[in-house]
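Got your viewer open? Take this tour one selection at a time, and turn the view around at each stop.

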Amino acid sequence: MKKYCLIGEKLSHSYSADIHMSEGFNYTLQEVKPHQLEDFVKNNVFDGFNITIPYKQAIIPFLDYVSPCALKANAVNTVVKKDGKLLGYNTDLFGSYISIKKSGIDIKGKNVLILGKGGAGNALGCLMSDMGAASVNYVTRKGDIDYSNVYEKCPNADVIINATPYGMYPMLSESPILDVNKFDNLALVFDLIYNPFRTSLLLEAKKRKIKTISGLYMLVGQAVKAEYIWKNEETDESDVSISTVNRIYKKLLNSKLNMYFVGMPGSGKSSVAREVALKTNRQFIDTDEEIKKKCSLSPSEFINKYGEEPFRDIESSVISECVKKKSVVVSLGGGAVLRSLTRSLIAQTGIVYYINRDIDKLSLASRPLSVKYGLENLYNQRFRFYEEVADCVVDNNSCINKAVNNALSYRVE
Ligand code: NAP
């Protein structure tokens with residue numbers, strides 16, 4: 001059986017093996033130190049390999065052939081061995097092209113700002129010019145445009161593309177651009193990072209109702225094109241199937257993203273979430289139950305004894321454990337969304353469902369805060385947070401089965 005791999009300096013958070021192995025490729029992750037690169041390229045046993053940070057440019061001098069696209073982008077991310085020769089291609093271009101097409105935004109005439117000028121940044125710059133961008137500017141840490149003067153130098157940016165690792169797991173709360181509000185014309189933010197699914201940068205843009213693209217679709221696109229090259233020992237874009245990309249993307253979303261259920265106390269979110277977990281064969285976690293296991297007190301007992309803030313601290317620590325898991329269904333306490341860090345963590349790592357039930361139908365049993373503040377006040381305090389964090393609002397005013405089916409029919413883009 002032919003052997004393939006990914007080379008890079010740090011690979012523990014890569015999804016590439018999941019994608020290629022699920023498509024039947026014998027694929028492994030090979031961490032290579034900078035001083036080992038030349039030896040690896042000349043003496044490896046693989047039939048083909050992908051290249052990631054920081055070797056997409058460094059590998060070029062060791063190859064026998066580099067495709068015109070890869071030469072233009074000055075970055076190679078896919079190599080195939082053919083008749084003993086090493087042929088280099090750039091499939092990131094295809095992955096990013098189909099991601100932008102899927103977003104529906106026309107790049108023609110747009111002012112594009114690319115953060116980072118490494119392998120992916122260069123490739124995206126070429127692509128943006130080819131797609132008719134009016135201008136392409138790069139932000140780098142030591143260049144003319146840097147992260148402190150970018151707001152003054154490029155206030156007219158229509159599109160921002162993050163091609164740096166800034167904001168990648170585990171740096172979930174970091175963002176290369178601290179204030180997207182300073183770009184009045186901003187219409188699209190594309191973050192090449194795919195882990196987390198939505199970076200802090202994308203969440204800020206989403207809050208402003210700006211179109212966002214996560215790097216996950218691009219990852220699948222570049223992988224499918226790499227497989228095409230390995231199978232055919234050459235490249236031909238027209239033969240890469242978008243339906244294959246969509247099928248793998250859907251599978252990857254299911255295996256990597258969690259499903260979070262938020263809503264008022266007594267709205268039925270635990271019942272809906274439990275049923276969704278059953279139907280999708282996923283692990284179910286009720287954060288109130290986890291708190292009970294941890295403290296030997298139910299949430300209401302804990303709040304009555306110690307107050308709300310100490311309870312939120314315990315709840316936050318339980319939720320930060322949940323977000324490290326993959327493909328689980330989590331029902332969160334009604335007030336969990338009050339903390340902005342919690343809102344960010346769940347929005348970054350999964351799909352958030354807001355279970356909406358009319359106030360007069362909410363149960364007050366074992367709900368000390370509902371009793372203390374009154375349901376209407378609690379709702380007025382929390383409503384905007386449910387709305388802010390939700391991908392999907394699920395009505396739960398009729399029957400649970402209907403709410404479950406509505407949640408299951410939601411499709412993430
Ligand atoms: P690269 O060649 O190493 O370039 C990364 C660039 O980011 C560097 O030029 C550097 O620019 C900048 N940078 C590095 N660390 C930074 C930090 N802490 N803060 C701000 N800037 C920093 O890497 P690459 O291959 O272009 O990949 C860049 C990003 O795109 C990575 O996150 C990668 O995972 C992602 N990517 C995703 C896909 C996908 O399929 N979704 C494909 C390719 C790449 P300066 O030093 O000049 O500032």
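Which residues are linked with Glu-23 in a network of salt bridges? Select Glu-23, Arg-247 and Lys-251: these three make up the network. Keep in mind as you go that this is a predicted model.

**The whole chain**

Now zoom out and show the chain as a cartoon. You should find 17 helices and 16 strands. The radius of gyration is 24 Å, close to the 22 Å that the globule rule gives for 413 residues, so the chain is as compact as a globular protein of that length. Along its principal axes, the C-alpha trace spans about 75 × 55 × 40 Å.

Try a surface view next. The chain exposes about 18700 Å², and carbon and sulfur atoms supply 49% of that area. Of the 413 residues, 54% are buried. If you look at contacts with a separation of 6 or more, 68% of them are between residues 24 or more positions apart.

**The open sheet**

Go back to the cartoon and select strands 1 to 6. These six strands form an open sheet with mixed pairing, in the order 2-1-3-5-6-4. Strand 2 and strand 4 (65-66) are the edges, each pairing on one side only.

Select residues 3-8, which are strand 1. Is this strand enclosed or not? Five of its six residues are buried, so strand 1 is largely enclosed by the rest of the structure. Add residues 26-31 to see strand 2: strands 1 and 2 pair in the parallel sense over six bridges. For a close-up, pick Cys-5, which stands opposite Thr-28 in strand 2.

For the antiparallel sense, select residues 48-51 (strand 3) and 78-82 (strand 5), which are joined by three bridges. Show Phe-49 here, and find its bridge partner Val-79 in strand 5.

**A buried histidine**

Next, select His-20 in helix 1 (residues 16-22). Its relative accessibility is 0%, so His-20 counts as buried. What does His-20 touch, not counting residues up to four places away in sequence? Show Phe-25, Tyr-27, Asn-50, Ala-223, Glu-227 and Trp-230 to see those neighbours.

**More salt bridges**

A search of the whole structure finds 17 salt bridges. Here are some to click through.

- Select Lys-207 and Glu-204, whose closest N and O atoms are 3.0 Å apart. The two are three residues apart in helix 7 (residues 200-207), so about one helical turn separates them. Lys-207 is partly exposed at 46% relative accessible area, and Glu-204 is partly exposed at 33%.
- Select Lys-293 and Glu-290, another salt bridge with its closest N and O atoms 3.0 Å apart. Both residues lie in helix 11 (residues 287-295), three residues apart, about one turn of the helix. Lys-293 is exposed, with a relative accessible area of 62%, whereas Glu-290 is partly exposed at 27%.
- Select Lys-324 and Glu-321, whose side chains meet in a salt bridge at 3.2 Å, N to O. Glu-321 is partly exposed, at 45%.

**A nonpolar patch and two cis bonds**

Switch on the surface again and colour Tyr-166, Met-168 and Met-171. Together they make a nonpolar surface patch of about 250 Å². Tyr-166 lies in the loop between strand 9 (159-162) and strand 10 (188-191), and is partly exposed at 36% relative accessible area.

Stay in that loop for Pro-170. A cis peptide bond joins Tyr-169 and Pro-170, with omega about 5°. Then jump to Asn-195 and Pro-196, where you will find a cis peptide bond with omega about 10°. Pro-196 is in the loop between strand 10 and helix 7. Why stop for these? Most residues other than glycine have a negative phi, and most peptide bonds are trans.

**Two positive phi angles**

Last, select Asn-281, in the loop between helix 10 (269-280) and strand 13 (284-286). Phi of Asn-281 is positive, near 60°, and this residue is exposed at 73% relative accessible area.

Finish on Ser-327, in the loop between helix 13 (308-322) and strand 14 (329-331). Its phi is positive too, near 65°. Is Ser-327 buried or exposed? At 18% relative accessibility, Ser-327 counts as buried, because the cut-off for buried is under 20%.

Methods. Residues are numbered from 1 along each chain as its sequence is written. This is a predicted model: local features need pLDDT of at least 70, side-chain atom pairs count only at pLDDT 80 or more; totals for chains, interfaces and linings use all residues. Side-chain values use heavy atoms; hydrogens and water are left out. Patches are made of residues with over 30% relative accessible area and no salt bridge: like charges are joined within 9 Å, nonpolar side chains (Val, Leu, Ile, Met, Phe, Trp, Tyr) within 5 Å. Accessible areas come from the Shrake-Rupley method with a 1.4 Å probe; for residues, only the protein chains shown count as cover. A salt bridge is a side-chain nitrogen of Lys or Arg within 4 Å of a carboxyl oxygen of Asp or Glu. Helices (H or I, at least four residues) and strands (E, at least two) are DSSP runs, numbered from the N terminus. Buried means under 20% relative accessible area, exposed over 50%, partly exposed in between (1.4 Å probe, protein chains only). The radius of gyration is taken over C-alpha atoms; the globule rule is 2.2 Å times the number of residues to the power 0.38. Contact means heavy atoms within 4.5 Å. Two strands pair if DSSP finds at least two bridges between them.
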